[in-house]
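Here are my notes from an afternoon with this model. I kept them short, and I hope they read easily next to the viewer.

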Amino acid sequence: MSEELRQIIHSAAVAGWWTVLLGAIWLTVAWLIWMGILKAKPSWLITLWGGNLEWKQVQQIMLTFMAVFKLILFVCILICIWLTLWAR
């Protein structure tokens with residue numbers, strides 16, 4: 001493998017790890033904020049989402065969103081591991 005290609009792969013791995021770190025921080029902060037919202041159950045949130053929902057549906061939507069985001073983050077982690085190993 002040429003040195004230039006190795007440097008490009010290494011740079012991609014570093015950028016990927018930074019992306020994973022920021023995504024994990026964002027997910028943690030979003031989860032904490034969401035737990036506060038679920039505890040308070042403000043009426044403006046239901047109105048903001050269209051007014052036709054119940055809290056059980058809102059909880060399911062947010063739980064699905066968080067689960068999908070975690071799966072995407074997991075795939076990013078696998079790609080970053082692969083890039084890191086390939087660069088070595």
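In which helix is leucine 22 found? I looked it up, and leucine 22 belongs to helix α1.

Next I asked whether leucine 22 is buried or exposed. Its relative accessible area comes to 54%, so I noted leucine 22 as exposed, the cut-off being over 50%. I keep in mind that this is a predicted model.

Then I looked at the company leucine 22 keeps. Leu22 is part of a nonpolar patch on the surface, together with Val14, Trp18, Leu21, Ile25, Val29 and Ile33. Together these residues have about 670 Å² of accessible area.

On to the rings. I found five aromatic pairs in the structure. One of them joins tryptophan 26 and phenylalanine 69, with 4.9 Å centre to centre and 55 degrees between the planes, and I logged this pair as tilted. Tryptophan 26 sits in helix α1 (residues 3–40) and phenylalanine 69 in helix α3 (residues 55–87), so the pair ties together parts 43 residues apart in sequence.

I also checked how covered the two partners are. Tryptophan 26 is partly exposed at 41% relative accessibility, and phenylalanine 69 is partly exposed too, at 24%.

Which residues do ring pairs link into a cluster with Trp26? I wrote down Phe65 and Phe69.

Last entry: a charge over a ring. I saw that lysine 70 lies over the face of tryptophan 31, 5.8 Å from the ring centre.

Conventions: Residues numbered from 1 in each chain as written. Predicted model: local features only at pLDDT ≥ 70, side-chain atom pairs only at ≥ 80, totals over all residues. Heavy atoms only, no water. Phe/Tyr/Trp six-rings, centres within 6.5 Å; stacked < 30°, edge-to-face > 60°. Helix = DSSP H or I, 4+ residues; strand = E, 2+ residues; numbered from the N terminus. Buried < 20%, exposed > 50% of the residue type's maximum accessible area, 1.4 Å probe, protein only. Lys NZ or Arg CZ within 6 Å of the ring centre and 35° of its normal. Patch = residues over 30% accessible without salt bridge, like charges linked within 9 Å, V, L, I, M, F, W, Y side chains within 5 Å. Areas by Shrake-Rupley, 256 points an atom, 1.4 Å probe, with all protein chains shown as cover. Salt bridge = Lys/Arg side-chain N within 4 Å of Asp/Glu carboxyl O.
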